[in-house]
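I opened this one with a fresh notebook page and a cup of coffee. Below are my entries, in the order in which I looked things up.

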Amino acid sequence: VLLFPALSTTLSAQTSPRGPIASRKNFPTDLLFLSPIIGSAYPAGHKFSLNIRYVHSNTFVKSGSILDILPEQDGRLLFERKLAEALVANRPAEDAYFFDMETKRLIFAGTPLLRRRLQISSALPIVQHSGDFLDGIIEKFHSVFNISDDERPDFRRNTAQAFLYLDGHFLHKTDRQLSGIGPGDFSLQTHYLLFAEQRRQPAVALRFAVELPTGSTKKLHGNGHLDWGAGVLLSKRIARNALYLTFDLLIPGTWQPLGDVELPRFFVLQIAYERLIGDAVSVLLQANSNTNPFRGKTTTGLNGVSYELTLGGKIDLSANIRFAAALTENIAYFRNSPDLGFQLGLEVR
């Protein structure tokens, strides 16, 4: 059922597009800041929807300098706080980082439709960082397809470590310090359809979002400050295909471990292609390009633009229940993005 049948000249009575997979970059430091998910320009065509998503990502990234100081234990390198402190003492003017962990997020998102063109949505993630189980699987996958694993096999499997030394500020979290489940930062977003889709014109919407500091900074569940951002969304239906583009500008708050370091504005560009199959299924191919809150603040890999590719699908289980699944892999650049991530989602309308 079309939401604006009188305004559209191209959409027919065929099955409506289901919209892109609700994806975003899941790197541990990016998750501390607001980053709206990709979406359709059209507001939801129902009075209220509840979306529950489980997202699981594996991250292994480092600055090369940490290899100069690590000892071996049982054939694999072990990174500890005393070694992080020794690294900083040896090179106090050089930034460094090491993130080796799996991040699990269970997101509860509610979206009421206020008017035909206006909706507001809220989302609360429940977050846990841990060592978990994917390291061995990823190593075997890389080996089979002859993909570089950036010395991942040199480090102990299934542990959680977070180390960052930036502009003289030191952060180190062990597996024990990161363990525990808790809420992340709560976000609110308004979405307004500016132009409906026409024969030669995509639908265009504007959005504004804020993220409140509800997550623990000690557990790396939040940054402890208010973030906000604004973006534009475009959608276009072409026969049984649909295209989506989302561009957001984000203004982050400061991050407590970095003290008074002013973080720059950054952007997120996301595109998606949807192919409708039959009356109940869509397959989707999506890509995102992210700068990040460390842009211009360091010469390490955290400074770079990251690129990720997502492949997924949606299926309508009934008129009111929709299931989604997707797999995400980093591409082109991987110094500040997860190696692998997957998600499952359920939308009830």
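**Entry 1: the whole chain.** I began with the contacts: of those in the protein chain with a separation of 6 or more, 68% join residues 24 or more positions apart. I note for myself that this is a predicted model. Next I counted secondary structure and got three helices and 17 strands for the protein chain. The chain has 349 residues, and 52% of them are buried. I also looked up the accessible surface, which comes to about 15600 Å², with 60% of that belonging to carbon and sulfur atoms.

**Entry 2: the cores.** Which residues have the most contacts inside the largest nonpolar core? I found Phe-99, Leu-164, Leu-220, Trp-255, Leu-258 and Phe-294, in a core of 25 residues. Strand E4 (96-112), strand E6 (161-166) and strand E13 (266-277) are the elements that give two or more residues to this core. There is also a second, separate core of nine residues, with Phe-60, Phe-79, Leu-87 and Phe-98 among them. As a reminder to myself, nonpolar side chains tend to be buried together in soluble globular proteins.

I then clicked on Phe-99 and listed its contacts, leaving aside neighbours within four places in sequence. Phe-99 touches Phe-27, Pro-28 and Thr-29, then Thr-59, Phe-60 and Val-61, and finally Gln-161, Ala-162, Phe-163 and Leu-164. I was pleased to meet two names again: Leu-164 is listed with Phe-99 in the largest core, while Phe-60 belongs to the second one.

**Entry 3: strand E13 and its partners.** Since E13 feeds the largest core, I looked at its two faces. The covered face holds Phe-266, Val-268, Gln-270, Ala-272, Glu-274 and Leu-276. On the uncovered face I read off Phe-267, Leu-269, Ile-271, Tyr-273, Arg-275 and Ile-277.

Which way does strand E12 (residues 241-251) run against E13, parallel or antiparallel? They run antiparallel, joined by ten bridges. Two pairs I wrote down are Asp-248 with Val-268 and Thr-246 with Gln-270. Both of these E13 residues, Val-268 and Gln-270, sit on the covered face.

E13 also pairs with strand E14 (residues 281-290), again in the antiparallel sense and over ten bridges. Here Ala-272 stands opposite Gln-286. The hairpin of E13 and E14 has three residues between the strands, and Gly-278 takes a positive phi near 65° there.

Stepping back along the chain, I checked strand E11 (residues 227-238), which pairs with E12 in the antiparallel sense over eleven bridges. Leu-234 has Leu-245 in E12 as its bridge partner. The E11 and E12 hairpin has two residues between the strands. Ala-239 takes a positive phi near 55° in that hairpin.

**Entry 4: a nonpolar patch on the surface.** I asked myself which residues make the nonpolar surface patch of about 700 Å². My list reads Phe-48, Leu-50, Ile-315, Leu-317, Ile-321, Phe-323, Leu-344, Leu-346 and Val-348. Strand E1 (48-62), strand E16 (321-331) and strand E17 (340-348) each supply at least two of these. E17 gives the largest share, three residues.

I picked Leu-344, which is placed in E17. Why does Leu-344 count as partly exposed? Its relative accessibility is 41%, and partly exposed runs from 20% to 50%.

**Entry 5: two residues with distant partners.** His-169 is in strand E7 (residues 169-173). It is partly exposed, as its relative accessible area is 22%. Beyond its neighbours within four places in sequence, His-169 is in contact with Leu-164, Pro-257, Leu-258, Gly-259 and Val-261. Leu-164 and Leu-258 I already had from the largest core. His-169 and Val-261 are 92 residues apart along the chain, yet their C-alpha atoms are separated by 9.3 Å.

My last stop was Ser-216, in the loop between strand E10 (203-212) and E11. Ser-216 is partly exposed too, at 29% relative accessibility. With neighbours within four places in sequence set aside, Ser-216 contacts Pro-183, His-221 and Gly-222. From Ser-216 to Leu-32 the C-alpha separation is 9.8 Å, although the two are 184 residues apart along the chain.

Technical notes
Residues numbered from 1 in each chain as written. Predicted model: local features only at pLDDT ≥ 70, side-chain atom pairs only at ≥ 80, totals over all residues. Heavy atoms only, no water. Core = buried A, V, L, I, M, F, W, Y, C linked by side-chain atoms within 4.5 Å. Buried < 20%, exposed > 50% of the residue type's maximum accessible area, 1.4 Å probe, protein only. Helix = DSSP H or I, 4+ residues; strand = E, 2+ residues; numbered from the N terminus. Contact = heavy atoms within 4.5 Å. Patch = residues over 30% accessible without salt bridge, like charges linked within 9 Å, V, L, I, M, F, W, Y side chains within 5 Å. Areas by Shrake-Rupley, 256 points an atom, 1.4 Å probe, with all protein chains shown as cover. Salt bridge = Lys/Arg side-chain N within 4 Å of Asp/Glu carboxyl O. Pairing = 2+ DSSP bridges.
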